[in-house]
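Q: Please take a close look at one enclosed space for me, and then follow the trail to whatever sits around it. Plain talk is fine.

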Amino acid sequence: MIFNLPGYRVVDAVDLRLGGRRVKVEPVEVEDGCPACGVVSSRVHAWVEQRVRDVPHAGQVEVVVRKPRLVCTEPACGRRTFTTATEQLPVRARCTSRLKTALLEAVIDSGRAVSEVAADFGVAWWTVQATVNTAAVLLPDVDELHVRRLGIDEHRYRSVRWYRDDGGGWRRVEPWMSTIVNADCGQVLGIVGGRDSAAVGGWLAARSQSWRDRIDVVAIDPSAAFKKAITEQLPNAKISVDPFHLVQLANLMVTRVRQRLVRDREQRRGRKIDPAWANRTLLLRGYDTLSVRARARLDMVFALDDPTSELSAAWGVKEQLRRLLKVDTLEQVRTEKMILGCYVMAADMEETWRLWATIEAWWPAVEVLIEHRVTNARTEAANTGIKQIKRTGRGYRNSSHYQARILLTSAAQRAA
């Protein structure tokens, strides 16, 4: 009763000298159906012993299962003998079902690495990974889900690698993947290799026509490849641009202006003695999120390290873009766009004009964002988003491991 392995009773238990314990169990009922013909038999041909892994408790637990090999009593059956199988110990199982459940919960719910979980439970790395991959196969079919809004985002799940090609030269490979989610709840629907229009378009083309016709809005990065795939496969869907990437482009604009100014003035890169370099991360934060002390430091940067006022002008363009993306109505966003255009004209720098060109090119998608508020960021319904979910796949060795972990993490958070 203390060991609590359903369907088995403890025959013997001993403590091992090097720590842990060995528990010997046997089935409570010596009766089972033949896997070939289904005829129930209780005639024992022989007893065999098998060692399996179980959930550790105060050290490793080694389970020795004493299993009966039964004789099939059906004369027409070609299988003469077979061993019993239970829910906790299926056929050819090397681990108990409750151990695999504990491994899956440790990886998905706790967000731990597979190698860490394997070392903690005393099993092999591939045992944990096989458990994760098997669970991912059991996820519901995407075509059976009623989806109205999609989110598409790319992610590099490992560092850049170099391979030798057939000609003996080196070829750079960046392992990118694109993740498709249900934007209403954050559930991951699929993961495809690459971040081009062919990969995303192929996944969308594999869905049924009725499934694609239900899609109203798709949230994407400012990516021409994603836009092309959506235009071809979902012609009736509206495209919403992700505000995260627009603000990221604005922050990149501020950084480039800061770097150019210090190179032109000092003929070198920024150093710790430069206020703008020392507070470079402060320039990228939203002004409304800063404390009084941080705002004073920012004013000091503009007063001491911005003689041409170009840095403050670029920072003002970035802040106006953030205000634009936070409004609630189309009338307000168009007004804020006019103000942003005035800021860009006043700044009159190559970096700000490049940002303005991007805003103009994606302005229809910006209006869809303001109207529908469909993004790849954190959603209110599931308190999560694609950018949070996909981070759980980092550190995996290849694409199949990344996909399994992302899909299962999404399913677990959706169920919660």
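A: Let's start with the second largest cavity, whose walls are Q209, R212, D213, I215, Q233, L234, P235, N236 and A237. A cavity here is a set of points on a 1 Å grid where a 1.4 Å probe fits but cannot get out, and a lining residue has an atom within 4 Å of such a point. Bear in mind that this is a predicted model, where local features need pLDDT of at least 70 and side-chain atom pairs 80 or more, while totals for chains, interfaces and linings use all residues. Numbering runs from 1 along each chain, and side-chain values use heavy atoms, with hydrogens and water left out.

So what is that space like? It holds about 40 Å³, a volume being the space filled by probe spheres set on the joined grid points. Helix α5 (residues 209-213) provides the largest share of the wall, three residues; helices are DSSP runs of H or I with at least four residues, strands E runs with at least two. Sorted by class, you get four nonpolar, three polar and two charged residues, where Asp, Glu, Lys and Arg are charged, Gly counts as polar, and Pro as nonpolar.

One of the wall residues, I215, has a partner worth a look. H146 sits 69 residues away from I215 in sequence, yet their C-alpha atoms are 9.4 Å apart. You'll find H146 in the loop between α3 (125-137) and β8 (149-156). With 57% relative accessible area, H146 is exposed; the cut-offs are under 20% for buried, over 50% for exposed, and partly exposed in between (1.4 Å probe, protein chains only).

How many cavities of 30 Å³ or more does a search of the whole structure find? There are three, and the largest has about 80 Å³ of space. Around that one you'll see R258, L261, V262, R265, G270, D274, A276, W277, D305 and L311. Two elements put two or more residues into that wall, α7 (243-266) and α8 (275-278), with α7 giving the most, four residues. Its class tally is five nonpolar, one polar and four charged.

From α8 you can step over to α10 (residues 292-304), as the buried residues of α10 pack against α8, α9 (280-283) and α11 (310-325), contact meaning heavy atoms within 4.5 Å. Which residues of α10 are buried? They are A294, L298, V301 and F302. Looking down the helix axis, these fall within an arc of 90°, so they line one face of α10; the arc is taken from the directions between the axis and the C-beta atoms. In general, an α-helix has 3.6 residues a turn, so residues three or four places apart point the same way. The other side of α10 carries the exposed V292, R293, A303 and L304. End to end, its 13 residues reach 19 Å from first C-alpha to last, close to the expected 18 Å, which is 1.5 Å times one less than the residue count.

Carry on from α10 towards α11 and the loop between them holds S309. Its phi is near 65°, a positive value in a residue other than glycine. S309 counts as partly exposed, at 40% relative accessibility. R373 also has a positive phi, near 55°, and is not a glycine either. That residue lies in the loop between α14 (363-372) and α15 (386-389), and R373 is partly exposed at 38%.

Key:
On a 1 Å grid over the protein atoms alone, a cavity is a set of points where a 1.4 Å probe fits but cannot get out, and a pocket is an open set with protein on both sides within 12 Å along at least five of seven lines; lining residues have an atom within 4 Å of a point.
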